[in-house]
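Trainee: Please take a close look at one part of this model for me. I would like one connected account.

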Amino acid sequence: MSLYERIVEMIERNLAHAAERAKAAGELSFEGLPSYVLEEPRERQHGDLATNLAMVLTKQAKRPPREIADILLKNLDTKETWIEDWSIAGPGFINFRLNPDWLANVVTEILREGEDYGRVQLGQGEKVQVEFVSANPTGLLHMGNARGAALGDSLASLLEMAGYEVSREFYINDAGNQIHNFALSLEARYLQLLGQDAPIPEGGYHGEDLIDTIKGLIAQVGDKYLTQEPILRQEFLVRYALDEKLRHIRETLKEFGVEYDVWFNEQSLHDSGFVRATMEEMEKKGYIYEKEGALWLKSTLFGDEKDEVVVRSNGTPTYFAADIAYHRNKFERGFNRVINIWGADHHGHVARMKGAIEALGFNPDALQIILMQLVRLIQNGEVVRMSKRSGQYITLRELMDEVGRDAARFFFILRDPDSTVEFDLDLARSQSADNPVYYVQYAYARLCSILRQAQETQTNLRLPTGAELKLLLNSQEERDLLKKLADFPREIALAARLLEPHRLARYVLDLASLFHTFYNSQRVLVEDEGLRQARLGLVRGTKQVLNNVLRILGVTAPERM
RNA sequence: GCGCCUGUAGCUCAGUUGGAUAGAGCAUCUGCCUUCUAAGCAGGUUGUCGGGAGUUCGAAUCUCUCCAGGCGCACCA
């Protein structure tokens with residue numbers, strides 16, 4: 001645990017003890033200690049940490065908050081907490097000022113822990129799976145997939161940093177109705193390219209990328225499937241195209257910085273009979289009934305709005321049935337927690353999926369679904385309706401070509417999944433130079449430049465002494481920067497608890513800003529050896545933390561810009 | 001019609017889960033490069049937190065209601 005975490009925790013504990021002590025002495029009366037916060041106040045003049053404990057106790061204690069604050073402070077043990085001064089302010093806040101000397105330890109702590117600085121033990125090795133993107137292998141990756149990729153990958157990295165054992169997974173929908181439609185579309189393209197009149201069927205895939213796919217295929221096998229039995233022809237085309245699309249998806253995501261631990265085939269669940277077995281299992285438990293020739297899951301028992309079909313009257317299982325089997329498989333693989341990132345257009349699926357999990361005897365809360373709002377593409381000032389079937393969309397690859405991988409990832413990670421992002425490609429192009437990601441990367445490049453220069457002038461980098469580090473405490477800019485660095489492990493813990501990687505993007509922007517301010521106000525490579533070593537230590541520490549955050553966000557840290 | 005998400009500065013978005021005087025970037029205006037990278041810094045301007053009511057010491061945050069936008073409500077996925 002980092003020093004700052006220990007300080008905050010100790011003060012929290014001592015506050016609780018103070019309340020108990022006052023209660024024992026008959027100075028305060030309350031049943032259970034209400035939940036209270038100890039946090040850094042927005043205004044610097046309010047000190048380093050502030051608590052609302054006195055105010056939240058008013059109801060039970062039946063005394064004015066400022067009086068309660070007095071009593072708490074009288075009973076508070078401040079030994080080893082670095083508390084130097086306190087005051088009661090406003091309606092009853094207790095503000096603490098810490099002895100700034102503690103900040104001198106931050107640099108040493110970061111340099112000692114290196115790339116592990118920020119790692120917290122929140123997860124305790126718990127096994128977590130993050131499933132994200134899982135785009136249909138019937139086309140290219142679009143903007144929504146890009147958002148999911150950036151979000152899912154950084155969330156997974158964040159959880160790793162927080163002490164979870166994380167597995168990244170991609171679910172390949174290579175079975176079912178849509179694959180049949182896909183086959184018919186491929187066949188139409190094949191025939192078209194060989195000069196026949198063959199329309200894309202209703203509900204088929206109109207994307208132009210299929211033309212390229214089929215051209216590639218024709219280059220290999222020519223027209224020999226022209227005279228084949230349609231069933232066999234379709235089967236061949238689908239196998240070829242799925243393989244090609246999937247390879248393309250895999251490569252594109254890899255280029256985007258995303259690598260999966262597991263690629264899971266839906267088809268394998270059908271082939272092994274697991275879908276059927278799972279339906280039988282649920283039927284045995286009485287959660288399935290027949291109506292109009294189809295099998296229905298009583299998902300309304302678990303809060304769904306209506307029951308859902310799992311096996312159609314023609315005997316084929318629905319997507320939902322396969323998904324139930326898939327999630328059962330996930331839990332049987334031993335994950336304590338399963339996180340899915342879905343587009344908001346799937347939110348109607350959440351309740352029934354959780355219901356199915358419960359019906360199978362698993363804890364529905366172990367399945368957490370992050371819904372992200374859709375990405376709206378703006379072109380020529382108008383919303384473009386994106387759809388894989390219509391073939392109208394901007395691809396992830398185009399996005400990377402236009403604005404770059406780092407800018408694209410950062411753009412998505414910066415935003416709360418709940419916000420509907422409007423993506424104006426023309427604007428993104430023109431603004432790519434002032435994408436906030438460069439602000440952060442520029443800070444990193446500057447840090448590297450200072451260190452290069454230090455080495456060129458033959459300053460040996462060494463660990464500054466405690467006395468030297470205290471020299472950093474003389475300026476506000478350095479103290480602010482140290483404070484932000486010290487806060488990093490807590491940011492990790494908070495972001496991981498809330499499953500909100502966008503907090504880290506905000507954090508790293510703040511950190512870069514504090515560094516730029518420091519850079520402009522204090523010179524690092526000064527004559528004085530002690531001060532120079534101390535500032536170089538701060539520079540190295542800042543560089544390390546930037547590195548650690550950018551690694552989580554999947555953004556590169558350039559040594560020069 | 002019902003359910004979920006959203007509404008904060010001219011634009012794009014944060015807001016530590018109910019805290020003190022609501023923040024940042026872009027835009028705009030004024031300064032700062034003979035010293036470690038000006039893709040930077042310092043400062044100015046910018047608000048009925050969609051409207052209304054309520055809950056309490058205290059509300060952008062919680063409740064209700066209304067308005068606006070997005071998404072969903074298939075034997076599609």
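Mentor: What follows is a close look at the surface near RNA strand B.

First, the ground rules. This is a predicted model: local features need pLDDT of at least 70, side-chain atom pairs count only at pLDDT 80 or more, and totals for chains, interfaces and linings use all residues. Residues are numbered from 1 along each chain as its sequence is written, chains are lettered from A and ligands numbered from 1 in the order in which they are written, and side-chain values use heavy atoms, leaving out hydrogens and water.

Now the surface. RNA strand B is surrounded by 62 residues. A residue is near the strand if one of its heavy atoms lies within 4 Å of it. The closest are Arg 312, Tyr 439, Tyr 442, Arg 446 and Ser 449. By class, the surface has 21 nonpolar, 22 polar and 19 charged residues. Here Ala, Val, Leu, Ile, Met, Phe, Trp, Tyr, Cys and Pro count as nonpolar, Asp, Glu, Lys and Arg as charged, and the others, Gly among them, as polar.

Next, the elements. Helices (H or I, at least four residues) and strands (E, at least two) are DSSP runs, numbered from the N terminus. At least two residues each come from S4 (93-98), H7 (177-193), H13 (348-359), S15 (421-424), H17 (436-456) and H20 (502-521). H17 gives the most, with 8 residues. Tyr 439, Tyr 442, Arg 446 and Ser 449 fall in the range of H17. An α-helix has 3.6 residues a turn, so residues three or four places apart point the same way.

Now the RNA side. Of the strand's atoms within 4 Å of the protein, 61% belong to sugar or phosphate. The rest belong to bases.

Some polar contacts (pairs of N or O atoms within 3.5 Å) show this up close. A side-chain N or O atom of Arg 446 is 2.4 Å from a phosphate oxygen. A polar side-chain atom of Arg 42 lies 2.5 Å from a phosphate oxygen. Asp 418 uses a backbone N or O atom, 3.2 Å from a sugar or linking oxygen.

Conventions. A polar contact is a pair of N or O atoms within 3.5 Å; within protein, one must be able to donate a hydrogen and the other to accept it, and residues adjacent in sequence count only if both atoms are side-chain atoms.
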